[in-house]
Each structure stands twice: as C-alpha cells, then as structure tokens.
Amino acid sequence: GISICSICRFMSMSPSPVLFSSHLLLLLLIMVVLLINVLLYLSSRAYRRKLVLAGVGVKHMLLSKDRKYTKKTLTPSSLSHRKHLVFIRHGESEWNVVFNPKKRPDDKFALYPHMLLWRFLKALLVELVSVATHASLALDSPLSQRGIAQAEQLAKYIESPEICMNPEGEHDDYARFLLRGVLARDENAPTSTVACSNLRRCMLTALVALRSRICPTGHASKPRNASKAHVTTDLQEMSRNVDCVAMALEPASLPPSLGRNLKPQMLTAKNASQLHQPGPLEQYFDASECRGMKTLRSNGRLRMEAFARWAMKCDEEVVIAVGHSLYFREFFNLFTRESDRDDKNSLIARACESKMANCSMVGFELAYDEVMGSFQVMPSTLRVLDGGFESARKKSK
C-alpha cells in the first residue's frame, strides 16, 4: 500500500521548472479556449444555435429509438385507394465523403487509412473555422460538390423529352407515365406534387433535380404542375447520427441556408429562355406542415405511416418524395408482404435489402385498405426510373 509518509514526501517535492511551465501553458490554453467560447456565445447567434443543435444530436445519438419498432403483418384484403409514388434519393452529402468512402469507386485512394484520417481532419478544420456561422459539414450535412453534380445529372435526365415520350425506349408505359408526372411539362401528364425531407441535402437535391417544376420562372413556358415543394418531418432519415439533425428545429421553419451557394446554372432547366436567379428559400419550399426536428417519441414507422396517409390524401395522381436511403429501404420492408419478396432475384426483394444509390429514382403504386388501416406496396408496379440500388447489405451469420 501507499503510506501517508510517502504521500507527504511526494507533496513536499518541488516541481521541476519544465513541468511547471507545461502546466501553466496548458492552463492558459484552456482559459483562452473558454474565453473564445464565451465571446462567441455572447456575440454569435449562429454559434448559440450550433450548441443547441449539438445538444440535440448527442441526445438523439444516446436515446433515439428511431429504428426500434414492430412491423405489421400485411394480409390480403380490399385495397380500395391507390396512389402513384416516386422516390428520389438525395445526392452525395459531405458526411458521405468523410465516412462512406466505399461509395466513391472512382477514387482509388479513398479507402487508404491515411486518407480516411486526412478527410476527417480536414472536415474538423472546416467545422472549427465555420463555428460562428450557419455552415456545417456534420450537422444537417449538406450536399458535396459531387452530390450537386449528381442532382444536375438527374435534372438533365428528367428534362430529356425522349425519356418520357419514346415508346421504343428503355421504359414501359407505366414508367413513362410516372416520368411524365415528374417532368410536369406535358399537358396530358398526370398531376403531381413534390415532398422532401426537412434535411438540407434533400431540399437542395429537390431544388436542382426538379428545377423544371420548382423553379418555374426560369422557363419559357410555365409547367403545368409548377409549385413549391412540401417540406415534411415525415420523410426525415431514420438515423441517430448528427448529420440527421435538422437545422430547422422549430415547426414550420426552414434552415438558414442549404449549405451551398445557389447558382443560376444549377436552377435553370434545359432549353430555358433565361437563367433562373436564386431567391429566398420560401420561394421554393412550403414548410407550413413541417413539425421541425423529429422527437425522441417518434420512430421510423410512425413517420412512414404518416407520410403514406398524407400521400393518400393528396389530390394529385403522383407524389414525388425526395428522401433518404435507410428510410426508403425500410418503407419497402414495412409495406411489402413477406410472400412478395420470396424471390430473392425480384426487384421488390432488392428494394427491401439494398439502399437506393445517390440520386436514383424509382416509382411504384401504393395501395391503402381503409378497413384494416394498412398500406401495401404493389410489387408488380415497382420500376427503376433512373440509377438503381446499391449492392445488398451483408447479413451476419
């Protein structure tokens, strides 16, 4: 054991000058950091906001039960109400760049350990430099430059008339029906509306990829279904990570920015008569029904069912949802019967096992049984409109 005498002798020892100076420097550094934080807290509204967001993120990381829910057993019944849905996954986010390098097959150095460390340190440095602003790579992670390019590529695909009109193309009649609803330029096209998650990467993906309808003033002719995109909490991602903390915490609010400077070229559709000049977010998005950041009482199933009910109540024939990979995969799992995915090579089985790739687009028909109060994805109607699914997740043995 340690005797009292030895403790007294240790305490009576005079510290060396080097040890004393290092302790003093450490104490001064801590005081400087605390002083900077106090000054930022008093002077910067954005910094105070980030502290709140960080607190919410930590709380959800520790206590979230977003993916802990029971799945209902679907039974064949009378499916009287039907709605056509189109799912679009957001483009690559800054969070994906740092923590999901496997999704960048063109970067052969992405998986090297030193490159992983470099990307993390670079992101941390950017986060520290922008601590007093609304910019953030981690909180409500925005699109990366590659993600914006993916959204622009999808926009060009949607705006190509031969995609929707060519009966001898790669798509069948139902897929072309859905694509005409997405484009919303044909007078005979089905009516449609757009909803998107309240996270910034989905909002910017919707704004760029669906610019032919969300930004109508930049076109020579106004699209038939031109309207604002509905921002909803019901499409918020099912994850406990801080990149899924919404900047717009309060109900019926929009984030201060989408994380990237909007440029006319990003918002102007193909063959437009003039460039579309960016405006305030309220010009493009309707957040009147958004409940703000998801709560700890919520879970993925509650939000998926709420979105399905909202979609069924829409007057439009086609509902376009811009959202997230986990959410969409779990949506197919929740509303698809076990017997419908027995064939592991079927498209619906792959939708239940795999995530949609960045900026991919799929469409299908969702049916509703009023008596049972249940929804069902009609597996025979599932179509890949652009892109596709990633490789299936590996199950642990």
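This passage walks through the fold, helix burial, strand pairing, backbone outliers and cysteines of a predicted model.

Starting with the overall picture, the protein comes out with 14 helices and seven strands. It runs to 397 residues, and 50% of them count as buried. Contacts reach a long way along the chain: taking pairs of residues at least 6 apart in sequence, 78% of the contacts join residues at least 24 apart.

Two helices turn out to be well covered. Helix α9, spanning residues 200-209, has 10 of its 10 residues buried, so the rest of the structure largely encloses it. The list takes in the arginines R200 and R201 along with C202, M203, L204, T205, A206, L207, V208 and A209. Helix α8 (residues 173-183) is also largely enclosed by the rest of the structure, because 10 of its 11 residues are buried. Those residues run from Y174, A175, R176, F177 and L178 through L179, R180, G181, V182 and L183.

The two ends of α8 have details of their own. At the N-terminal end, D172 acts as a cap, with a side-chain oxygen 3.3 Å from the backbone nitrogen of Y174. Y174 is itself one of the buried residues of the helix. Just past the other end, A184 adopts a positive phi of about 60°.

As for what α9 packs against, one partner is α6. The axes of α6 and α9 sit 8 Å apart and make an angle of about 35°, and the crossing is right-handed. On the α6 side, the residues in contact are I148, A151, E152, L154, A155 and I158, and they meet L204, T205, V208 and A209 of α9. These four α9 residues are also on the buried list for that helix.

Strand β3 (residues 229-232) has a neighbour in β2 and another in β4. With β2 (residues 192-197) it pairs in the parallel sense over three bridges. With β4 (residues 285-286) the pairing is again parallel, this time over two bridges. H230 of β3 features in both pairings: A195 stands opposite it in one, and D286 is its bridge partner in β4.

Two further positive phi values turn up in loops. D140, in the loop between α5 (113-129) and α6 (145-158), has phi near 50°, a positive value in a residue other than glycine. D140 is also buried, with a relative accessible area of 0%. The other case is C359, where phi is near 60°, again in a residue other than glycine. C359 belongs to the loop that links α14 (347-353) to β6 (361-369). At a relative accessible area of 5%, C359 counts as buried because the cut-off is under 20%.

That leaves the cysteines. The structure holds zero disulfides. For C244, the nearest cysteine sulfur belongs to C202 and is 9.2 Å away, and C244 is in no disulfide. Since the pair would need sulfur atoms within 2.5 Å, the distance of 9.2 Å does not qualify. C202 is the cysteine already listed among the buried residues of α9. C244 is buried too, at 3% relative accessibility, and C314 likewise counts as buried at 13%.

Technical notes:
Residues are numbered from 1 along each chain as its sequence is written. This is a predicted model: local features need pLDDT of at least 70, side-chain atom pairs count only at pLDDT 80 or more; totals for chains, interfaces and linings use all residues. Side-chain values use heavy atoms; hydrogens and water are left out. Two strands pair if DSSP finds at least two bridges between them. Buried means under 20% relative accessible area, exposed over 50%, partly exposed in between (1.4 Å probe, protein chains only). A polar contact is a pair of N or O atoms within 3.5 Å; within protein, one must be able to donate a hydrogen and the other to accept it, and residues adjacent in sequence count only if both atoms are side-chain atoms. Axes are lines fitted to C-alpha atoms, for helices over the stretch in contact, and angles run from 0 to 180 degrees between N-to-C directions. A crossing is left-handed if the near helix is turned anticlockwise from the far one by less than a right angle, and right-handed if clockwise. Contact means heavy atoms within 4.5 Å.
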